[in-house]
Amino acid sequence: MSQCPCGSGKSYSACCEPFITGFKKAPAPEALMRSRYSAYTKNILSYIESSHDPETRDSLDLEATSRWAQDSEWLGLTILRTEAGGKGDDKGIVEFEARYRQDGEEQRHHEESIFVQRDGTWYFHDGHKPSLTVIREEPKIGRNDPCPCGSGKKYKKCCGK
């Protein structure tokens, strides 16, 4: 029994395989995300296509997706955050990071994926890079504030030039 590529710790046959083969439906967005990752590692494009929301499926470039899946050595999936996607929800979000090696260089694909449920089936709808919040270690210096270098000049006339 081989481990599931999604990193759940379960065997592939007890984890993602039933979703990929169509034996079972993914019960929640995270399960669908994990099974889609496993499908990428095994280059099972039919599942990537069928689990993509029919409303946005035309944006899927299967040829490019297949090349990316085939040319990558998949190193692991980390689920960073899930939001909604439970009973009674028709939308859910999964933020994840997929690590892979391509052309000998390790890469990280960080994405926030949106999933929708239609007629009892979860689908990947769309994904985007999450916005990163910049946290400054020191307070921001305004243009008209005194320069922190101690010159006595305004920041804009000194170090802010």
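Two strands are said to pair if DSSP finds at least two bridges between them. This report applies that idea to the protein chain shown above, which is a predicted model.

**Overall form**

The protein chain contains 4 helices and 4 strands. Along the sequence these elements follow the order α-α-α-α-β-β-β-β. The C-alpha trace spans about 75 × 40 × 30 Å along its principal axes. The radius of gyration of the protein chain is 22 Å, whereas a compact globule of 161 residues would have a value near 15 Å.

Of the 161 residues, 36% count as buried. The protein chain exposes about 10300 Å², and carbon and sulfur atoms supply 46% of that area. Among contacts between residues at least 6 apart in sequence, 39% join residues at least 24 apart. The protein chain carries 24 positive and 25 negative side chains, and the centres of these two sets lie 9 Å apart.

**The paired strands**

Strand β2 covers residues 91–102 and strand β3 covers residues 105–118; the two pair in the antiparallel sense over 12 bridges. In this pairing Glu-95 stands opposite Glu-112 in β3. Strand β3 also runs antiparallel to strand β4 (residues 121–128), to which 7 bridges join it. Here Phe-115 has Phe-124 in β4 as its bridge partner.

Each of these pairings includes a hairpin. The hairpin of β2 and β3 has 2 residues between the strands, and the hairpin of β3 and β4 has 2 residues between them.

**Residues with positive phi**

Three residues with positive phi are listed below.

| Residue | Place | Phi |
|---|---|---|
| Ala-84 | strand β1 (residues 73–84) | near 60° |
| Asp-103 | loop between β2 and β3 | near 55° |
| Asp-119 | turn of the β3 and β4 hairpin | about 50° |

For Ala-84, the positive phi occurs in a residue other than glycine. Asp-103 is likewise a residue other than glycine with a positive phi.

Are Ala-84 and Asp-103 buried or exposed? A residue counts as exposed when its relative accessible area is over 50%. Ala-84 has a relative accessibility of 53% and therefore counts as exposed. Asp-103 is exposed as well, because its relative accessible area is 80%.

**Summary**

The predicted model thus presents 4 helices and 4 strands. Strand β3 pairs in the antiparallel sense with β2, and β3 and β4 also run antiparallel. Asp-103 lies in the loop between β2 and β3, while Asp-119 is in the turn between β3 and β4.

Key
Residues numbered from 1 in each chain as written. Predicted model: local features only at pLDDT ≥ 70, side-chain atom pairs only at ≥ 80, totals over all residues. Heavy atoms only, no water. Rg over C-alpha atoms; globule rule 2.2 N^0.38 Å. Buried < 20%, exposed > 50% of the residue type's maximum accessible area, 1.4 Å probe, protein only. Contact = heavy atoms within 4.5 Å. Areas by Shrake-Rupley, 256 points an atom, 1.4 Å probe, with all protein chains shown as cover. Lys, Arg positive; Asp, Glu negative; His and termini not counted. Charge placed at Lys NZ, Arg CZ, Asp CG, Glu CD.
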